[in-house]
Amino acid sequence: MQIYLPIAELPVNFFLVLFMGGGVGFLSGLFGVGGGFLMTPLLIFYGIPPAVAVATEANQIVASSVSGAFVHWQRRGIDFKLGSVLLVGGVIGSVIGVWLFKLLRSLGQVDLIISLSYVLFLGIIGALMFVESMRAIMRARGGNAVPLRRPGHHNWIHGLPFKMRFRRSKLYVSAIPIVVIGAIVGVLAAIMGVGGGFIMVPAMIYLLRMPTNVVIGTSLFQILIVTALVTILHATSNQTVDVVLALLLMTGGVIGAQFGARAGQNLKGEQLRALLAVMVLLVCSRLAYNLIVQPDDLFSIAFGSGVE
Amino acid sequence: MMALNRDFLIRGWLIPAILLIVFLLPIHSSDVARAETLVTGISDNSIRISSNFTGAELVLFGTVERDAQSIARRQGYDIVVIVRGPQQSITVREKERIAGIWANRNSWAFDDAYGFLAILSNRPLADITSESARDEFGIGLTRQSFTASNGNGAFNNEQRLTFSEALLRQMQARQLYSQNEEGVEFLSDALFTARIAVPAYVPVGTFEADIMLFGDGALLAQQTVQLDVHKTGFEQFTYTLATEQPLIYGIVAVILAVLAGWLASVMFKRD
């Protein structure tokens, strides 16, 4: 069954898109990740214009982060003060990101930059995750559990000025790295159509030394607000948010995530992470392949004069 | 009084009026002087894009009417149908390998290209009429004269040709441009039909179908039928909101997402 997308201006297979949303939702439930970094490339492979894929995926992430953020809020797992400082960066980052997106679009380079960003980030994250999970699996086989290196309480971050006290995170730290992290995630959300949890969570744990019980909640809070803002900014400056596509993905996504979360309970953490790493690297190499191999037709067309 | 009045009306006004209309008719319909006229119809004057739209097919039909002055055409009649979609700017870009990666480099903008172009005829265009006539009427995909400008401002005729060819190739691949030299079918000496395939990717706007009648290479008659392609219902509403009230559209999209996420968390709440 085909359904016509009013903004992407093309028909897609209703069940296939629902299934894609469900599949990525399943994986995000299974691995406890957002899934934007898998969904956006998948939509592009399917033939959705990259600009529409990115903006629409930002809209979907709003839906998928709402329930998580709500649960963590009830458990007092959100540091709203630190979250607000992150958001200052997030707002700046997403405004810059959407502006950059529009500029790149008029130069005809947006598809390239989206692909390059994905290859770069998926490559790094996938490789790091793969190495880490392989070590964990070897350790488990060896039988001797190596104790986790306890992070020290101070690093270079703590020498920066503009220090603020965050009571819930039990932190006294400079606002600068928090704003910078927020801004980077904002730019990534606008250009790649991801929540950015894969950057933010490690940064919060390893750079800011936040306690893990507020990391997920606070990052979900930031993701929710930033992707909502990115959705509105893309809608106003690029007109690339396709509500019909977003609703299809949301429906598939929330159902898939439920099954994924249940299936994840029966699997070992390190094996799950190794599996996810392999998948991330597969998507990465597929995108890299498209960039490196000579296309069948060197020419492409775009509607509109380019300079908007 | 009454009789006088009626008499006045008939003699003094009505008859000259009729004479005037009859006198004016040939001027309005120049085909009469050429002896052949075209009578055409189209299956649908508007294509509505709704949520289940996957493309459409238009059927155009017509007949060649002859009168006493019509002379016999040695080669019979030929019909050329040109359907043109709304004009829009289309940018063509060429990829080059830069540091091992294929990236867009040169670009040409075709500012008044048609969003849709279908050229149909009953036999090869070259057999129907002369090259100069084909150029004049834009008969043939390669005979369009779009305004082209190079992204760098430099003018290079050879490059322009390469990019024009790329434009035609890409639009043909999307089924937005087509040329079918067997697309018009004569059912009798005078009766013809043409089927025009409209793909799902069709742009919205006003379309014009030009139906041209040729005989022995000369244009005998011409008719233009207008049709429009528009989104309808929910598609129309969504598209209009997104383009005319983008801020409201964006906010609505966010609210929908929040509701969907909240609904899911209520539905799948764990005990």
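Let's start where the two chains meet: the count between chain B and chain A is two salt bridges. Keep in mind as you look around that this is a predicted model. One salt bridge you can pick out by side chain joins Lys231(B) to Glu9(A), with 2.8 Å from N to O. Charged pairs are just part of the picture, though, since 15 residue pairs are found in polar contact across the interface of chain B and chain A, both partners at pLDDT 80 or more.

Which elements of chain B supply at least two residues each to the side that touches chain A? They are strand E5 (87-98), strand E6 (101-114), helix H5 (157-173), H6 and H7. H7(B) gives the most, with 15 residues. Sort the residues on this side of chain B by class and you get 30 nonpolar, 16 polar and nine charged.

Now step back to the interface as a whole. Here 55 residues of chain B are in contact with 53 residues of chain A. Together the chains bury about 4,600 Å² between them, and 65% of that is on carbon and sulfur atoms.

The backbone has a part in this meeting too. Strand E5 of chain A, residues 299-303, runs antiparallel to E5(B), and five bridges join them. To find your place along this pairing, look for Phe303(A), which stands opposite Ile90(B) in E5(B). In general, strands of a sheet pair through backbone hydrogen bonds, either parallel or antiparallel.

Back to H7(B), this time for its neighbour within the chain. Helix H6 (residues 233-244) and helix H7 (residues 246-267) of chain B pack at an angle of about 120 degrees, their axes 5 Å apart. On the H6(B) side the contact is made by Thr238(B), Leu241(B), Ala242(B), Thr243(B) and Glu244(B), and these meet Pro246(B), Ile248(B) and Tyr249(B) in H7(B). By class, that contact has five nonpolar, two polar and one charged residues.

Finally, take a look at the sheet in chain B. Six strands form an open sheet with mixed pairing, in the order E2-E13-E12-E4-E7-E9. At the edges sit strand E2 (46-49) and strand E9 (177-180), each of which pairs on one side only. From one strand to the next, the twist averages 15 degrees.

Inside that order, strand E12 (residues 205-215) and strand E13 (residues 218-231) of chain B pair in the antiparallel sense over eleven bridges. A handy place to check the register is Leu213(B), whose bridge partner in E13(B) is Ala221(B). Residue 231 closes the range of E13(B), and Lys231(B) brings us back to the salt bridge with Glu9(A).

Terms used
Residues are numbered from 1 along each chain as its sequence is written. Chains are lettered from A and ligands numbered from 1 in the order in which they are written. This is a predicted model: local features need pLDDT of at least 70, side-chain atom pairs count only at pLDDT 80 or more; totals for chains, interfaces and linings use all residues. Side-chain values use heavy atoms; hydrogens and water are left out. Axes are lines fitted to C-alpha atoms, for helices over the stretch in contact, and angles run from 0 to 180 degrees between N-to-C directions. Helices (H or I, at least four residues) and strands (E, at least two) are DSSP runs, numbered from the N terminus. Contact means heavy atoms within 4.5 Å. Ala, Val, Leu, Ile, Met, Phe, Trp, Tyr, Cys and Pro count as nonpolar, Asp, Glu, Lys and Arg as charged, and the others, Gly among them, as polar. Buried area is the accessible area (1.4 Å probe) that two parts lose on being put together, summed over both. A salt bridge is a side-chain nitrogen of Lys or Arg within 4 Å of a carboxyl oxygen of Asp or Glu. A polar contact is a pair of N or O atoms within 3.5 Å; within protein, one must be able to donate a hydrogen and the other to accept it, and residues adjacent in sequence count only if both atoms are side-chain atoms. Two strands pair if DSSP finds at least two bridges between them.
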